[in-house]
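Reader: I would like to go through this model with you one question at a time, beginning with the charged pairs and ending with a single helix.

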Amino acid sequence: MAEYALILVGTILVNNFVLAKFLGLCPFMGVSKKVETALGLGLATTFVLTLSGAVAYLVDHWLLVPLGIEFLRTIAFILVIAVVVQFTETVMHKTSPMLYQALGIYLPLITTNCIVLGVALLNAQADKGFTASVLYAFGAALGFSMVLALFAGLRERVAVADVPEPFQGNAIALVTAGLMSLAFMGFAGLVQS
Amino acid sequence: MLGAIALFTVLAGAFGALLGYSAIRFRVEGDPIAEQIDHLLPQSQCGQCGFPGCRPYAEAIASGEAEINKCAPGGAATMVALADLLGRDPVPLDGAAAQETVRRLAVVDETRCIGCTLCLQACPVDAILGAAKQMHTVIASECTGCELCLPPCPVECIRMDPLPETLRSWKWPYPGAPAGREVAAHPEAA
C-alpha cells in the first residue's frame, strides 16, 4: 500500500511530468487560458492516459514480450494510444458535446501528447507490474491535470493584470511556467524514485 | 518476423472493429449544441440578429456561420453566456446589439392609446396587456426591449425609455471595460 502511495506522490509532485520531466508542454501552454477548459482537458487526458497505460501494459506483457518483439513497442503503443483517443472522442461527442467542442483540436492532439507515449514506454522499461503501472499512469495524469489547472488559474489572473508590454501574452506565460517549475523543484527529495 | 506481422495485423483488426462498433453505438444525431445555444437565447424571436428567429440564429452559431454578438435583447449577458458555453472569447456586441448599451423598456403613453391591440399581436413575449378599446400597458418585467411593437402602433404612442439604474441592477464594470459601457470584451491575453 505504501508503495502505491509513493508512486502517486512521486508522479504528481516530485517527478511531475510537465514541470520536472518537461513532457506535454503543448497542451500545457495551449489549453491553459481558461480554468474550465483546462479541467476538461485534464479530465480527458486522465481518462486516456490511465486507459492507454493499462492497455499498453497488457499488450506489452502478454503479446510483445512472449513473442520477443519488444523492439516494436513504440509502434504498438502509438497504435494503442490512437485507438483509445479516437474511442474517447467518439464517446465524448455523444455524452458531453460541450466539452467536445471546448476541447476542439486538443482532444485529437492527446494522441501526440508525449506524456501518453512517455508513460507507456517508461512503464514498459520499469516493468513494475500491472497495478503499479496503471497507478503510475494515473498519477502522471493527475499531476498533469493539477498543474494545468493551477497554471490556467494563474493565467486568468495574469490576463487582467498590468503586465509590462514586452512581457504580455505568451512571454509572461512562459515566465510563469518557469517559476512554477522552479517551485516544484522544492518537492525533489520528498520521494526517492 | 512473421509473428510480428501477424500480431500487428490482428491487433489493428481488433482495434478497427472496436472503433467501428463505437462509431455506430455512439452515433450523434442532430446537433445538441444548437439546442443548448437556443436555451440561452431570450426567445423573443425579434429578428434583430438578422436571422428569422432565435432557433435559426442558434443553428447558425452552432455551425460557425454567425458570431455570438448579434443578440440585441439578450445584450452583453447573453453574449458572455454564449462565449462561456462555447469556450470562445467574448467579443464586443455588433450591429443592432451594439446600439443597445442600456436596456430599454417600451412604455405606452396612456393618454394617446386608442386600444387597437396591434401592438399586442406584435409583441413576441406577450409583455403588453390590454383589450380592444381598452388602454394597453407594458409589463415591465416581461419586456425585452426589442422594439417590435413600435412600427404597428397607428398613433405612435409607444416610446422606448432607458431602464433606470437601480441599486438592484447596478454592478461593477468589468476590468478593462471603458466607462459607461455595461460590458466590453473580457481582456484576454493572446
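Reader: How many salt bridges does the structure hold over all chains?
Author: This is a predicted model, and the count below rests on computed atom positions. Side chains of opposite charge can pair when their charged atoms come close. Over all chains, the number of salt bridges in the structure is 7.

Reader: Which helices of chain A are tied together by the pair D60(A) and R73(A)?
Author: D60(A) and R73(A) form a salt bridge in which the closest N and O atoms are 2.8 Å apart. The two residues are 13 residues apart in sequence and lie in separate helices, so the pair ties together α3 and α4 of chain A.

Reader: Are D60(A) and R73(A) buried or exposed?
Author: For a residue to count as buried, its relative accessible area must be under 20%. D60(A) meets that description, and R73(A) does as well, so by this cut-off the answer for each partner is buried.

Reader: Which helices of chain B hold R55(B) and D38(B)?
Author: R55(B) and D38(B) form a salt bridge, with 4.0 Å between the closest N and O atoms. This pair links distant parts of the chain, 17 residues apart, and the helices that hold R55(B) and D38(B) are, in that order, α3 (residues 54-62) and α2 (residues 32-40) of chain B.

Reader: Does R55(B) count as buried or partly exposed, and which does D38(B) count as?
Author: The cut-off for buried is under 20% relative accessible area, and partly exposed runs from there up to 50%. R55(B) has 29% relative accessibility and therefore counts as partly exposed. D38(B), because its relative accessibility is 13%, counts as buried.

Reader: Which residues are linked with R55(B) and D38(B) in a network of salt bridges?
Author: The salt bridge between R55(B) and D38(B) belongs to a network of salt bridges. Besides these two, the residues linked in that network are E35(B) and E59(B).

Reader: Which salt bridge is found across the interface of chain A and chain B?
Author: In the interface, 29 residues of chain A are in contact with 29 residues of chain B. The two chains bury about 2,600 Å² between them, with 75% of it on carbon and sulfur atoms. Across this interface the rule finds 1 salt bridge, in which the side chains meet at 3.7 Å, N to O, and the partners are D84(B) and K34(A).

Reader: Which element gives the most residues to the side of chain A that touches chain B?
Author: The elements that give two or more residues to this side are α3 (35-67), α4 (73-95), α5 (97-103) and α8 (130-159) of chain A. With 11 residues, the element that gives the most is α4(A).

Reader: How many residues on the side of chain A that touches chain B are nonpolar?
Author: The residues of this side also include 6 polar and 5 charged ones. The number of nonpolar residues there is 18.

Reader: How far apart are the end C-alpha atoms of helix α4 of chain B?
Author: Helix α4 of chain B comprises 12 residues, 75-86, and at 1.5 Å a residue these should span 16 Å. The model agrees with that expectation, because the distance between the end C-alpha atoms is 17 Å.

Reader: How many residues of α4(B) are buried?
Author: The buried residues include M79(B), V80(B), L82(B) and L85(B). The helix is mostly covered, and of its 12 residues the number buried is 9.

Reader: Which residue with a positive phi follows α4(B)?
Author: The phi of this residue is near 70 degrees, and the residue that follows α4(B) is G87(B).

Notes: Residues numbered from 1 in each chain as written. Chains lettered and ligands numbered in written order. Predicted model: local features only at pLDDT ≥ 70, side-chain atom pairs only at ≥ 80, totals over all residues. Heavy atoms only, no water. Contact = heavy atoms within 4.5 Å. Buried area = accessible area lost by both parts, 1.4 Å probe. Helix = DSSP H or I, 4+ residues; strand = E, 2+ residues; numbered from the N terminus. Nonpolar A, V, L, I, M, F, W, Y, C, P; charged D, E, K, R; others polar. Expected span 1.5 Å × (residues − 1). Buried < 20%, exposed > 50% of the residue type's maximum accessible area, 1.4 Å probe, protein only.
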